[in-house]
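User: I would like to go through this model step by step, from its overall layout down to single residues. Could you reason through each point before giving the value or name?

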Amino acid sequence: MEKRFDIIPHETGWIYVIDGQPSASFPCYDLALKAASDHAHRELETLRRPVFRRLEVSGEMIRVTRPTHHHPW
């Protein structure tokens, strides 16, 4: 079973929606995707595989990859 994180544009930036619930707004897509990924990581016990999708201008939802976390060292 999948748990979908839909990252969509919002009038104040970008948000992600999970289980019909919108997140806070983020100023850019990358921050919204990172926040969605962090949210998924906190809910690993749900046993649902996280799937990240982005809303395209055409209205189509496309899958995107989870962001990689870069370490400063």
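The exchange below moves from the fold to the sheet, the helix, the core and a few individual residues.

User: In what order do the elements of the protein run from the N terminus on?
Analyst: The model is a predicted one, and its secondary structure comes to 1 helix and 5 strands. The helix, α1, covers residues 29-42, while strands β1 and β2 cover 2-10 and 13-18. Read from the N terminus on, the elements run β-β-β-α-β-β.

User: Which strands stand at the edges of the sheet, and in what order do the strands lie?
Analyst: The 5 strands form an open sheet of mixed pairing, in the order β3-β2-β1-β4-β5. Each edge strand has a single partner, so one side of it is left without a neighbour in the sheet. The strands at the edges are β3 and β5.

User: Over how many bridges do β1 and β2 pair?
Analyst: Strands of a sheet pair through backbone hydrogen bonds, either parallel or antiparallel. For β1 and β2 the sense is antiparallel, and one of the pairs matches H10 with G13 of β2. The number of bridges between β1 and β2 is 6.

User: Which residue in the turn between β4 and β5 has a positive phi?
Analyst: β4 and β5 run antiparallel and are joined by 4 bridges, with R54 standing opposite I62 of β5. The two strands form a hairpin with 5 residues between them. The turn residue with a positive phi, of about 95°, is G59.

User: How far apart are the end C-alpha atoms of α1, and what span should its residues give?
Analyst: α1 has 14 residues, and at 1.5 Å a residue the helix should span 20 Å. The distance between its end C-alpha atoms agrees with this expectation, because in the model it is 20 Å.

User: At about what angle does α1 run to β2?
Analyst: α1 lies across β1, β2, β4 and β5, and these four strands are included in what covers the buried residues of the helix. Those buried residues are Y29, A32, L33, A35, A36, S37, H39 and A40. Relative to β2, the helix runs at about 25°.

User: Which element gives the most to the largest nonpolar core?
Analyst: The largest nonpolar core has 12 residues, namely F5, I7, Y16, I18, Y29, A32, L33, A35, A36, A40, F52 and V64. At least two residues of this core come from each of β1, β2 and α1. With 6 residues, the element that gives the most to this core is α1.

User: Is H39 buried or exposed?
Analyst: H39 is found in helix α1, and it touches F5, Y16 and I18 when residues up to four places away in sequence are not counted. I18 in turn is in contact with K3, R4, F5 and H39, again leaving aside its neighbours within four places in sequence. Because its relative accessibility is 14%, and the cut-off lies at under 20%, H39 counts as buried.

User: What separates the C-alpha atoms of I15 and S25?
Analyst: I15 is found in strand β2 and is buried, with a relative accessible area of 6%. Beyond four places in sequence, I15 touches D6, I7, I8, H10, P22, S23, A24 and S25. Although I15 and S25 are 10 residues apart along the chain, their C-alpha atoms are separated by 4.9 Å.

User: Which residue has a positive phi although it is not a glycine?
Analyst: Most residues other than glycine have a negative phi. The residue in question is placed in the loop between β2 and β3, and it is exposed, with a relative accessible area of 53%. Its phi is about 50°, and the residue is D19.

User: What relative accessibility does M61 have?
Analyst: M61 is found in strand β5, residues 61-64, and is in contact with D6, I8, R53, R54 and L55, its neighbours within four places in sequence left aside. The C-alpha atoms of M61 and I7, 54 residues apart along the chain, are separated by 9.0 Å. M61 counts as partly exposed because its relative accessibility is 26%.

Key
Residues numbered from 1 in each chain as written. Predicted model: local features only at pLDDT ≥ 70, side-chain atom pairs only at ≥ 80, totals over all residues. Heavy atoms only, no water. Buried < 20%, exposed > 50% of the residue type's maximum accessible area, 1.4 Å probe, protein only. Contact = heavy atoms within 4.5 Å. Expected span 1.5 Å × (residues − 1). Core = buried A, V, L, I, M, F, W, Y, C linked by side-chain atoms within 4.5 Å. Pairing = 2+ DSSP bridges. Axes fitted to C-alpha atoms, helices over the stretch in contact; angles between N-to-C directions.
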